[in-house]
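Subject: Handover of the structure

Hello,

Here is the structure I promised to pass on. Please open it first, then read my notes below.

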Amino acid sequence: MPIHEPQNYAISIDEVRNLFQLSTQTSMLLIDDEDKLLLATDQILKSTGYAANEITQLPFPRLFKVRSSLGELYAYHFHGDRDVREWPHGFLQGKNGEMQYYQFSMLRLQQGGKLLYLLIFKNNEENQSLNLLQRFSDAFLKDINLGVLLISLDFTLADVSDRACQMLAMERENILNKSLDDIFASVPSQHQLVQRSILTGAIVRNHAVSWTNNRERFELLLDSNVLKDSHGKIVGAYVIFKDVTNLRSLEQMVQRSDRLAMIGQIAAGTAHEIRNPLTSIKGFLQMLHRTFGERGMGKEQNFTDVMLGEIDRINALVNEFLLLSKPKHVSYESTHITDVLRGMVPIIHTEAILYNVQLQYESLKHVPEVIADSELLKQVFLNVCKNGIEAMPDGGVLTISERVDTIERNVCVDIHDTGSGIPMFVIDKIFDPFFTTKDTGTGLGLSVCQRIIHDMGGTIRVASKGFGTTFTISIPYT
Ligand SMILES: Nc1ncnc2c1ncn2[C@@H]1O[C@H](COP(=O)(O)OP(=O)(O)OP(=O)(O)O)[C@@H](O)[C@H]1O
Ligand SMILES: [Mg+2]
């Protein structure tokens, strides 16, 4: 049991210093009632890593964290006639930030008119194992690989690891003890890392989620569980996540190329089969169209117009399909990108006018020639520019600029729009065949472009930061 100590002992600092010198194995601290640290035993220096002259420069609360002031602790635990309920405890913080749990006893001393507190730390087996636990949870929170969120019952953030702060792009002080609803307020609910249901015991294991902090995108593998007290009552929850971005992007690349190959096979197999019957349907429809005209059947003739229009749409789709499977008539030759773009500008301009979009074309004087099929290149530029224009339904500016990357030896074309931008959550999908957010889109535009540029040994990349989008098409030159 702790010692019962109602009175103040009158004592000089030198006497305490002598006591400290004799007690080499005991952890003790002498503090005045203004939280100034006066003395520490060697054992304290050993366990914190501070030198004697360093430690006395520290404000006491930096070194030892207790839940209230020393005066209050003393009054609660040691003063008066009451039975002492429990040992007070606190955390001793080492020079490297590591925390150690200690229970302690207190003496109140008097020197001159001042009150001093002598803290004597308890050092037993139980303490050691608590230290180990504390050390483990500290290491967990500092682990450079693991994101950890500790959640209280009221859905506030009780603690967070350094890595989690990095991934969330948030400062620890700004989010600690805040409601998770507020912390993730700007994120759509299905993309939030933590849902309220976590506190009802919804256990998650190896759940793959994408997380974007507006600067970087992470692929995370997430585990979560509740924390229960000894009676099985839920007292909080935790989420642990690991950054597996590299692994996942590799996996996605493999999946995408698998999918492209599959689409290619299906396309090659079926496109011709679709086109042949279409040709005869179209022929007969044209005949009907004429006949209806001759017989003055205007309404029926209009129907055939609609049908012919739809057939043209199917034809265009099938043609794109055919391009997805290896293009058949490619003719790679030395090509001037500037010439290709110059030829395209009037067509893009016509489209731009429809949307009240301004077109800017910034060409370069000397652009190295690339080996490419100029017809296919035109298709790529047209598709990407069309997307840019369609992203600006209320007008804007579409800028096409040429650039030479002499380091990577690429001719690049940047196509920038001032449109709505692409949400981070869909940006990975836009090159997938059939991915579209448009009512009348096929979602084939960009996958065809990617195929064409890929076959020329180039790349097509996208950057979109919430406002505006830039597609960069890079083609190698020799
Ligand atoms: N510049 C852009 N700004 C915003 N979103 C874009 C942009 N370019 C592409 N996207 C998004 O990518 C999706 C896929 O584009 P893609 O060109 O493959 O198909 P689509 O334009 O929807 O259909 P189609 O090209 O057949 O008309 C679009 O639906 C759109 O959501
Ligand atoms: Mg498109």
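The notes below go through the ligand, some helices and a handful of single residues.

First, the ground rules. This is a predicted model, in which local features need pLDDT of at least 70 and side-chain atom pairs count only at pLDDT 80 or more, while totals for chains, interfaces and linings use all residues. Residues are numbered from 1 along each chain as its sequence is written, chains are lettered from A and ligands numbered from 1 in the order in which they are written, and side-chain values use heavy atoms, with hydrogens and water left out.

Helices and strands are DSSP runs, numbered from the N terminus: H or I over at least four residues for a helix, E over at least two for a strand.

**Ligand 1**

Start here. There are 19 residues around ligand 1, and the nearest are Asp417, Thr436, Thr437, Lys438 and Thr442. To count as near, a residue needs a heavy atom within 4 Å of the molecule. Three threonines put polar side-chain atoms by ligand oxygens. For Thr436 the distance is 2.5 Å. For Thr437 it is 2.4 Å. For Thr442, an N or O atom of the side chain is 2.4 Å from an oxygen atom of the ligand. The protein buries 92% of the 590 Å² that ligand 1 exposes when taken alone. Those areas come from the Shrake-Rupley method with a 1.4 Å probe; for residues, only the protein chains shown count as cover.

The polar contacts in these notes are pairs of N or O atoms within 3.5 Å. Within protein, one atom must be able to donate a hydrogen and the other to accept it, and residues adjacent in sequence count only if both atoms are side-chain atoms.

**Helices α12 and α15**

Helix α12 covers residues 337-354. Its 18 residues should span 26 Å at 1.5 Å a residue, and its end C-alpha atoms are indeed 26 Å apart. The expected span is 1.5 Å times one less than the number of residues. There is a kink of about 35 degrees at Val345, shortly before Pro346. That bend is the angle between axes fitted to the seven residues ending there and the seven starting there. The buried residues of α12 include Ile337, Leu341, Met344, Val345 and Ile348. Buried means under 20% relative accessible area, exposed over 50%, and partly exposed in between (1.4 Å probe, protein chains only). Just after the helix, Asn356 has a positive phi of about 60 degrees.

Helix α15 runs over residues 445-455. Nine of its eleven residues are buried, so the rest of the structure largely encloses this helix. Among them are Gly445, Cys449, Gln450 and Arg451. Gly457, just after α15, takes a positive phi of about 85 degrees.

**Asp414**

Asp414 sits in strand β17, residues 410-417. Asp414 is buried, at 13% relative accessible area. Its side chain makes a polar contact of 2.7 Å with the side chain of Arg403. Beyond neighbours within four places in sequence, Asp414 is in contact with Thr399, Ile400, Ser401, Arg403, Thr470, Phe471 and Thr472. Contact means heavy atoms within 4.5 Å.

**Two positive phi values**

Which residue of the loop between β8 and β9 should you look at? Phe155 is the one I picked out of that loop. Its phi is near 65 degrees, a positive value in a residue other than glycine. Phe155 is buried, at 1% relative accessibility. Asn206, in strand β10, has a phi near 50 degrees. Unlike Phe155, Asn206 is exposed, at 56%.

**Two loop residues**

Thr41 lies in the loop between β3 and α2. Thr41 is buried, with 1% relative accessibility. Its side chain reaches the backbone oxygen of Thr26 at 2.8 Å. Leaving aside neighbours within four places, Thr41 is in contact with Phe20, Ser23, Thr26, Ser27 and Met28.

Asp35 is in the loop between β2 and β3. Asp35 is partly exposed, at 31%. Asp35 and Leu116 are 81 residues apart in sequence and 9.4 Å apart in space, C-alpha to C-alpha.

**One long distance**

Gly269 is in helix α10, residues 245-294. Gly269 is partly exposed, at 44% relative accessible area. Gly269 and Phe155 are 114 residues apart in sequence and 55 Å apart in space, C-alpha to C-alpha.

Best wishes
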